[in-house]
Amino acid sequence: MRALLALLLMVWMTAAALAVEPGERLDDPALEARARAISAGLRCLVCQNQSLDDSNAELAHDLRVLIRERLRDGDSDEQVRQFLVSRYGAFILLKPPVERDTYLLWFGPFALLLLGAAGVVAYLRRRGRAASMEPPPLTPEERRKLAKLLSEGR
Amino acid sequence: MLRRLPYLLPAVAFAALLGYFLAALLKSETHDPSELPSVMLDQPAPDFALEGLGDKPGFARSDLAGKVVLVNFFASWCVPCRAEHPLLARLAETAGVPLYGIDYKDKPADAERFLSQYGSPFRTVGVDPKGRLGIDFGVTGVPETFLIDKSGKIRFHRALPLTPEAIDKEILPLVQALQKS
């Protein structure tokens, strides 16, 4: 049990180690925090499923340094992001922007949900109507059969 | 029967999805899904002025003005660049436009050895030791090849090593069309 706990603790502690190298960090903690926030939201173009913050690819290192240089030179967060998007496309943003190309991505699931809800509503309505409808009256033939069955029971 | 048709819809939708996946799988033999569309296409090439290798002169964007040119990012440490090298030599011979080389994140001495060993297909080589110009060009690795037209716009970008097909079917026809315009 104790060994398991120690193991869990070890695994948990290693998760905090990120790829940002000490040499890249800025002295100003506020700027560094902004740089970290930006790079956490950008995709590494080499690994493609890691953020710039997590990746230890060469290009990710270069881009982290570039982000910090631009911030130090007075760029806003948005300007830094825009610069990288103009070079590598919206693919570099881990959170895709809402624009014409991504409407299906953003709103598709809700459209499907609505479609499903409409289907359920239509189904329930029809069932409700069927249940509330008066059953058709018995034919003379059926009445005869019924009377016979009832009289047999006595 | 007609009333039952809506119940088939999920099965139809599922079949359509399967078909889509199957088509994408079959296409993946010729199409690499990790390959990205370049946003640099039809954009003006970034401005730069590069130093040369050793004591040779480098080149700047102004040297390319008014010409159709090919620009290739390479590095001596890059194995695919070695494989691509004979094709670059062929491209430089057949394209009829100058081929410029940009030595990406490399040691000049290594690059000089590389070029003297395999022969240089480049008219001029500029060095990009920190990869900054690479970022300006939207390069994600080496080798990458660009075709720039007379007005300085990027008209072709290949983020993979060249292949004979890419040269014959894409680059050469585009070079000819651009030179006429």
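The largest nonpolar core, a core being a set of buried Ala, Val, Leu, Ile, Met, Phe, Trp, Tyr and Cys residues joined through C-beta atoms within 7 Å, has 36 residues in this predicted model, and those with the most contacts inside it are B:Leu70, B:Val71, B:Leu91, B:Tyr100, B:Ile102 and B:Ile148. A residue is taken as buried if 20 or more other C-beta atoms, placed from the backbone, lie within 10 Å of its own, as exposed if 12 or fewer do, and as partly exposed in between. Two or more residues of this core come from each of strands S2 (69-74), S3 (99-104), S4 (124-128) and S5 (144-148) and helices H2 (79-95), H3 (108-118) and H5 (164-180) of chain B, where helices (H or I, at least four residues) and strands (E, at least two) are DSSP runs numbered from the N terminus. S2(B) gives the most, with five residues. Leaving aside neighbours within four places in sequence, B:Val71 is in contact with B:Tyr100, B:Ile102, B:Phe146 and B:Ile148, contact requiring C-beta atoms, placed from the backbone, within 7 Å. A second, separate core of 16 residues includes A:Ala60, A:Leu63, A:Val80 and A:Tyr88.

The model is a prediction, in which local features need pLDDT of at least 70 and side-chain atom pairs count only at pLDDT 80 or more, whereas totals for chains, interfaces and linings use all residues. Residues are numbered from 1 along each chain as its sequence is written, while chains are lettered from A and ligands numbered from 1 in the order in which they are written.

In chain A, helix H2 (residues 29-40) packs against helix H3 (residues 58-72) at an angle of about 135 degrees, with the axes 10 Å apart; axes are lines fitted to C-alpha atoms, for helices over the stretch in contact, and angles run from 0 to 180 degrees between N-to-C directions. H2(A) and H3(A) are therefore oblique to each other, a class left after angles under 35 degrees (roughly parallel), over 145 (roughly antiparallel) and 65 to 115 (roughly perpendicular) are set aside.

The contact between chains takes 12 residues from chain A and 10 residues from chain B. H3 and helix H4 (77-88) of chain A each supply at least two residues of the side of chain A that touches chain B, and H3(A) gives the most to that side, with four residues.

In helix H2 of chain B, B:Arg82 is partly exposed, with 17 other C-beta atoms within 10 Å.

Terms used. Contact = placed C-beta atoms within 7 Å.
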